[in-house]
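Visitor: I'd like to learn how to read a few features off a model. Can we go through them one at a time?

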Amino acid sequence: MEKKSKRKYYIIIILLIIYLAAMVIFIVYPSSVTSSRRVYIMVDNVAKWKFEGKSWEDISSDESNLYNWQKFDLYRRNQYFGNYYLLYNDRWLVYDDDRNPVKKSGSNLLAVRSNQDFKVATYTTTDIPTEQMQYVEQVLTEHNIDPDTELVTKEMITYDIDNDGQEESIITISNLFETTYAPSRIFSFIFTVKDGKITLVSSMVDTLDHKNEHCSAYVHSLVDTDNNGKYEIITGCGYYNSNRNCVEMYENKNDQYQKIKACDMQ
C-alpha cells in the first residue's frame, strides 16, 4: 500500500508540474509578451497609431514624443527605405543619424518602430488575371450587383499572408469615380481568396446619389506587427476630388477579417 501511495503521490506531482508548465508556455508567457509589446506605426501623412499592450489607438497630439526624433524603419511602396529619424510638420520629414535631411519623394510611406520583431511584406500589385475573375463575379453576384459591371479599380496581390506555405490572392475592386457612365449602384471591395474560398476584408455598397460619402479602398501595406507569421492588412480609402484618406487595419481571426484599427474620420 505504501508503494502504491507513493506512486500516486509522484504521479500527482508530475501532473501538476506538467499543468503549470503548460500554463506558463501557453497562457502566462504569451500574455506577458503582448502586454509588453510596444509598436508605433505611421501611414503616409494620415495615420499615427500605437499599440501598448492592449489595443490599437491613435497617437494624440500631446504624444508627439512617440514619433518626433524617434528612429523608425521606413518603407516606400512596400520596399525598405532605411532606418531614420522622423519629424512631423504637416508632413513627414526624414533625417539620418547626423540629423541631415533625407530626400523622400512620392507617397505611400510606412514607418514602424517596435520593441519586438515585426515584418513588412514586399509584393507587387497586378491586374486581376482571367482565371481569378470568377471570384470577382461571385462577390458581385452575392451583393446583387451585375457581374458585368465595369470596374474602375481591379487589382490583385499574391502573397502568403498566413505563413502556411501557400500564397493567397488579395483582390481589390471598385466602380467608384467612373467618368464615362453613371452606374445605379456603387461599390468597393477588398477580399482574399484561398483554396477557392472568399473572405471579405472590407466592403461598401450604396446607391449613386451617395457617391461623395464613400471612398475607393485599396491595400496600403501588409504588416506582421507581432511576428506571429500572420500579416495584418492596412488599407487606405481615397475620396473623389479630395485629399482625405481613411486608413484602417484588419486582422484575420477565426477565418474572418476584423477591423482592429478604424480611421479617425469615423
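**Reading strands, burial and contacts**

Guide: Let's start with Phe-187, which sits in strand 12 (residues 185–194). Strands here are DSSP runs of E, at least two residues long, numbered from the N terminus. This is a predicted model, where local features need pLDDT of at least 70, side-chain atom pairs count only at pLDDT 80 or more, and totals for chains, interfaces and linings use all residues. Residues are numbered from 1 along each chain as its sequence is written, and side-chain values use heavy atoms, with hydrogens and water left out.

Visitor: Is Phe-187 buried or exposed?

Guide: Buried means under 20% relative accessible area, exposed over 50%, and partly exposed in between (1.4 Å probe, protein chains only). Phe-187 has 0%, so it counts as buried.

Visitor: Which residues is Phe-187 in contact with, beyond its neighbours within four places in sequence?

Guide: Contact means heavy atoms within 4.5 Å. The partners of Phe-187 include Leu-140, Ile-173, Ser-174 and Met-204. Ser-174 is 13 residues away in sequence, yet the C-alpha atoms of the two are 5.5 Å apart.

Visitor: And what about the open sheet?

Guide: Two strands pair if DSSP finds at least two bridges between them. Seven strands make up an open sheet, ordered 3-2-1-7-4-5-6, with antiparallel pairing. Strand 3 (56–58) and strand 6 (92–95) are at the edges with a single partner strand each, so one side of each has no neighbour in the sheet. Inside that order, strand 4 (residues 70–76) and strand 7 (residues 109–114) pair over four bridges, and Arg-76 stands opposite Leu-109 in strand 7.
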